[in-house]
Amino acid sequence: MSGTMSQADLVADLKASLHDAAEVFTAASDADFIRHLDLAARDLGRFRRRSLVGTITLTADVDLYAAPADLSSLKSHLWGISPTAARKPWEKGHPGRLPDMREAEVDGVQAIALTPPPTAAQIAMLGSEFRYYYFATHAVGAAAADTTVKPCDRGLLLLRAQAEAMKEMAMRNIKKPVQLRDGLASAPRNGTPASLFQALMEQFEKEAA
């Protein structure tokens, strides 16, 4: 194995690990294997959470804002925390009720909703930069530097991608036993795709935890 986190190297090792089963996936430009890796990376986020800081530029009385493309779930925001902690509601300069932050979907597009929307007075007092924490999905990039999964979790990523391949094979009603390359998984080497999927998922979740 090459050992790098680039998409091409990960695809090469995934294909090699599947042995003859790799011949089932015939999409152009390795699209099947790329899909397996992308789904594996997203699922890895259940165990290897990726916390980032996002920024919104606020507009008075506007409650919906674009969400980052890699948003998995929201955590908390930082806007107005210090002034709120320093001033009481009855004291001059208290900003009033700050918005709650939640995920929303508008016309099929993911968004961030602020309720109640920030007022002009609040923006003048606290600034228009709204910073917040969120959990982001993992991604596999063409270049190793663009893959968000850590190199130490490379084996886990490939293991989960193997499971994804077995799931797709099971859904295609393939009954022929398949063999996996030694070294990537200690699951049973032969069996139906459905049984291998279950065994690989159990191993993945055990090792990831």
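Which handedness does the crossing of α1 and α5 have? A few friendly notes on that and the neighbouring packing follow.

1. This is a predicted model, in which local features need pLDDT of at least 70, side-chain atom pairs count only at pLDDT 80 or more, and totals for chains, interfaces and linings use all residues. Residues are numbered from 1 along each chain as its sequence is written, and side-chain values use heavy atoms, with hydrogens and water left out.

2. The crossing of α1 and α5 is right-handed (the near helix is turned clockwise from the far one by less than a right angle). Their axes, lines fitted to C-alpha atoms over the stretch in contact, come within 10 Å and cross at roughly 55 degrees. The two helices are therefore oblique to each other (neither under 35, over 145, nor 65 to 115 degrees).

3. On the α1 side, Asp 9, Leu 10, Asp 13, Leu 14, Ser 17 and Leu 18 meet residues of α5 that include Leu 157, Ala 161 and Met 166. This contact (heavy atoms within 4.5 Å) divides into eight nonpolar, two polar and three charged residues.

4. Helix α5 (residues 154-171) has 18 residues, which at 1.5 Å a residue should span 26 Å, and its end C-alpha atoms are indeed 26 Å apart. Of these residues, 14 are buried (under 20% relative accessible area, 1.4 Å probe, protein chains only).

5. Helix α1 (residues 7-18) also packs with α2 (residues 31-44): the axes come within 10 Å and cross at roughly 100 degrees, so α1 and α2 are roughly perpendicular to each other. Phe 33, Ile 34, His 36 and Leu 37 make the contact from α2.

Notes:
Axes are lines fitted to C-alpha atoms, for helices over the stretch in contact, and angles run from 0 to 180 degrees between N-to-C directions. Helices (H or I, at least four residues) and strands (E, at least two) are DSSP runs, numbered from the N terminus. The expected span of a helix is 1.5 Å times one less than its number of residues. Buried means under 20% relative accessible area, exposed over 50%, partly exposed in between (1.4 Å probe, protein chains only). Ala, Val, Leu, Ile, Met, Phe, Trp, Tyr, Cys and Pro count as nonpolar, Asp, Glu, Lys and Arg as charged, and the others, Gly among them, as polar.
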